[in-house]
Amino acid sequence: MQTCPYMEAAFQILGKKWNGQLVHYLWSRENHAAHFSEMKQDLTGMTPRALSLKLTELAEAGLIEKTVHQEPSVSIRYRLTDKGAALAESLKPIQEWAQQHLDVQLTPTKEEL
């Protein structure tokens, strides 16, 4: 039996470090968008260079779009595309499965501290 080419293609994206977390992060944000500076601050453990590379990769895959605002200073905003939002929605059952079956140590959010 051969493996499913669609699953292989999906895991070519999701199997790479940070990709699934970035899609989920943008999904959880208002308007499914965030500025680079917000992501850099919120996604601790990820270097700015790694963040930049992953965002470029996801943009090339058509999952996010990048908007650069020049005035008054440069501001870069990333937003899920419809394709990216559909992927994020499909990840919800995986999140629910993990909540039910995996022992994950939750770290408090900034608001909870």
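**Salt bridges and a nonpolar patch**

User: Does Lys 54 count as buried or exposed?

Analyst: Happy to start here: the relative accessibility of Lys 54 is 15%. Buried means under 20% relative accessible area, exposed over 50%, and partly exposed in between, using a 1.4 Å probe and protein chains only. Because its 15% falls under the 20% limit, Lys 54 counts as buried.

User: What should I know about the model and its numbering?

Analyst: This is a predicted model, in which local features need pLDDT of at least 70 and side-chain atom pairs count only at pLDDT 80 or more, while totals for chains, interfaces and linings use all residues. Side-chain values use heavy atoms, with hydrogens and water left out, and residues along each chain, as its sequence is written, are numbered from 1.

User: Which residue meets Lys 54 in a salt bridge within helix α4?

Analyst: A salt bridge here is a side-chain nitrogen of Lys or Arg within 4 Å of a carboxyl oxygen of Asp or Glu. The partner of Lys 54 is three residues away, about one turn of helix α4 (residues 48-60); helices are DSSP runs of H or I with at least four residues, strands are E runs of at least two, and both are numbered from the N terminus. The N to O distance is 3.5 Å, and the partner is Glu 57.

User: Which residues are joined into one network with Lys 54?

Analyst: Glu 57 is partly exposed, at 25% relative accessible area. Salt bridges that share partners join Lys 54 into one network with Glu 57 and Lys 16.

User: How far apart are the closest N and O atoms of Arg 29 and Asp 42?

Analyst: Arg 29 is partly exposed at 24%, and Asp 42 is partly exposed at 32%. Their salt bridge links distant parts of the chain, 13 residues apart: Arg 29 is in the loop between α2 (19-28) and β1 (33-35), and Asp 42 is in helix α3 (residues 36-42). The closest N and O atoms are separated by 3.4 Å.

User: Which other acidic side chain meets Arg 29?

Analyst: This salt bridge has an N to O distance of 3.2 Å. The partner is partly exposed, with a relative accessible area of 29%, and is Glu 38.

User: How many salt bridges does the structure hold?

Analyst: The pairs discussed include Arg 29 with Asp 42 and Lys 54 with Glu 57. In total, the structure's salt bridges number six.
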